[in-house]
Amino acid sequence: MSVDGTISIHINGEHRRIRDGLTLAELASELGFVPEKVAVERNLEVVPRSTLAQVRVEDGDELEIVHFVGGGDHPVAGGGGDHPVAQGDVAVLDDDSWTVAGRTFRSRLIVGTGKYKSFEQNAAAVSASGAQIVTVAVRRVNVSDPKAPMLTDYIDPKVITYLPNTAGCFTGEDAIRTLRLAREAGGWDLVKLEVLGEARTLYPDMVETLRATEILAKEGFKPMVYCVDDPIAAKRLEDVGAVAIMPLGAPIGSGLGIQNRVTIRLIVEGTNLPVLVDAGVGTASEAAQAMELGCTGVLMNTAIAEAKDPVLMAAAMKAGVEAGRMAYRAGRMGKRLYADPSSPLAGLI
């Protein structure tokens with residue numbers, strides 16, 4: 001401590017001098033943040049939120065203070081739109097829910113919260129999509145602007161399930177550290193794990209992904225895992241504790257559509273876990289294609305956020321996912337090499 005009663009610390013990489021004797025909760029408040037809405041890491045150790053008011057900041061401390069941001073808003077009403085109830089003999093989609101890690105959802109479309117022009121547009125798109133789960137990135141709070149909006153101010157995590165992800169992590173250690181902070185910030189154990197191999201393709205590093213999955217599962221996390229379209233890798237992820245397999249359909253943000261239908265179908269056939277296409281879908285017909293392969297659902301961000309009309313595209317994606325699911329359940333007609341008339345030939349004039 002200096003003669004003026006201050007100590008020297010680093011907060012989110014910035015050097016600061018603060019009053020000696022402050023608790024972490026008091027420090028967060030002085031910075032302009034609500035302690036209940038942030039998570040704090042002190043010298044690489046996550047501090048339980050319940051102890052923030054007791055733990056005092058010490059000279060030389062290295063602090064990370066994080067919250068959730070849009071990544072890959074006016075509160076979103078409801079947990080997801082009502083599915084249309086078909087008439088006659090057609091299946092009723094309201095009864096076609098799915099389950100991951102013991103949690104049941106109606107919507108099979110998961111959307112991201114990045115790249116939108118505004119929080120309002122983001123919220124409208126989430127509502128139009130009917131999604132009950134949104135992916136969120138874990139990022140440092142802005143200590144220079146504590147009044148900057150936080151995602152939790154716009155999308156209520158009590159209504160919409162947050163799926164914290166590790167977007168931007170290139171090592172298993174960084175991904176694990178990020179998710180430990182996410183659990184402290186919001187209490188979520190259902191998470192999306194992605195460990196990238198390099199920046200150009202954003203393909204997953206499967207060695208690091210498998211290692212991180214196993215560690216996280218042993219710590220009580222329920223990791224939904226972004227992976228390559230490899231049925232062998234998918235089975236290994238299942239063996240080490242993944243709760244959902246999320247193969248890419250094409251490179252992240254490319255909008256190229258499903259490039260690997262055969263291997264994704266093999267993954268669906270070879271695992272007991274939910275399989276959700278993650279990355280590559282660009283339009284509603286491609287979302288339908290993923291569902292027609294038997295996938296449990298589809299995750300997307302860029303395809304909606306970068307559409308000319310994101311809200312309308314979100315509604316289209318909802319319809320595409322539902323149509324693809326109905327077609328899969330109905331069972332496709334067999335393909336034939338030659339024509340087969342649909343009108344009877346008997347009684348022909």
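## Exercises around helix α6 and beyond

The buried residues of helix α6 are covered by elements that include α5 (231-240), β13 (244-247) and β14 (276-278). Here, covering goes by contact, meaning heavy atoms within 4.5 Å; buried means under 20% relative accessible area, exposed over 50%, and partly exposed in between (1.4 Å probe, protein chains only). Helices (H or I, at least four residues) and strands (E, at least two) are DSSP runs, numbered from the N terminus.

Keep in mind that this is a predicted model, in which local features need pLDDT of at least 70 and side-chain atom pairs count only at pLDDT 80 or more, while totals for chains, interfaces and linings use all residues. Residues are numbered from 1 along each chain as its sequence is written, and side-chain values use heavy atoms, with hydrogens and water left out.

**Exercise 1.** Work out which residues of α6 are buried and how they are placed around the axis.

*Solution.* Start with the list: in α6 (residues 261-270), Ile 264, Ile 267 and Val 268 are buried. Next, look down the axis: these residues span an arc of only 100°, so they sit on the same side of α6. (The arc is taken from the directions that run from the helix axis to the C-beta atoms.) Finally, turn to the other side of α6, where Val 262 and Glu 269 are exposed.

**Exercise 2.** Find the aromatic pairs and say how each is arranged.

*Solution.* Begin with the rule: rings of Phe, Tyr and Trp (its six-membered ring) pair if their centres lie within 6.5 Å; planes under 30 degrees apart are stacked, over 60 edge-to-face, and the rest tilted. That rule gives two aromatic pairs. Take Trp 98 and Phe 105: their ring centres are 5.7 Å apart and their planes meet at 40°, so this pair is tilted. Trp 98 is buried, at 4% relative accessibility, and Phe 105 is buried too, at 6%.

Now go to Tyr 162 and Trp 188, a stacked pair with 5.3 Å centre to centre and 15° between the planes. This pair links distant parts of the chain, 26 residues apart: Tyr 162 belongs to strand β10 (residues 161-165), and Trp 188 to the loop between α3 (172-186) and β11 (190-193). Both Tyr 162 and Trp 188 are buried, with Trp 188 at 14% relative accessibility. One more step: the C-alpha atom of Trp 188 is 7.8 Å from that of Leu 163, 25 residues away along the chain.

**Exercise 3.** Which residues touch the most other members of the largest nonpolar core?

*Solution.* First, the term: such a core is a set of buried Ala, Val, Leu, Ile, Met, Phe, Trp, Tyr and Cys residues joined through side-chain atoms within 4.5 Å. The largest one has 56 residues, and Leu 193, Ile 245, Val 281, Met 300, Ile 304 and Met 317 touch the most other members. Then pick Met 300: leaving out residues up to four places away in sequence, its contacts are Leu 109, Ile 110, Val 111, Gly 112, Val 281, Ala 287 and Met 317. Separate from this core is another, of 18 residues, including Ile 11, Leu 24, Val 47 and Ile 65.

**Exercise 4.** Trace the polar contacts of the Asp 96 side chain.

*Solution.* Place the residue: Asp 96 is in the loop between β5 (62-70) and β6 (98-100), and it is buried, with a relative accessible area of 9%. Its side chain makes a polar contact with the side chain of Arg 108 (3.3 Å) and another with that of Arg 325 (2.7 Å). A polar contact is a pair of N or O atoms within 3.5 Å; within protein, one must be able to donate a hydrogen and the other to accept it, and residues adjacent in sequence count only if both atoms are side-chain atoms. Not counting residues up to four places away in sequence, Asp 96 touches Arg 106, Arg 108, Arg 325 and Arg 329.

**Exercise 5.** Look at the backbone of Asn 43 and Leu 44: is phi positive or negative in Asn 43, and in Leu 44?

*Solution.* Some background: most residues other than glycine have a negative phi. Asn 43, not a glycine, has a positive phi of about 50°, and Leu 44 also has a positive phi, near 70°. Asn 43 lies in the loop between β3 (39-42) and β4 (45-47), as does Leu 44. Last step: Asn 43 is partly exposed, at 37%, whereas Leu 44 is exposed, at 62%.
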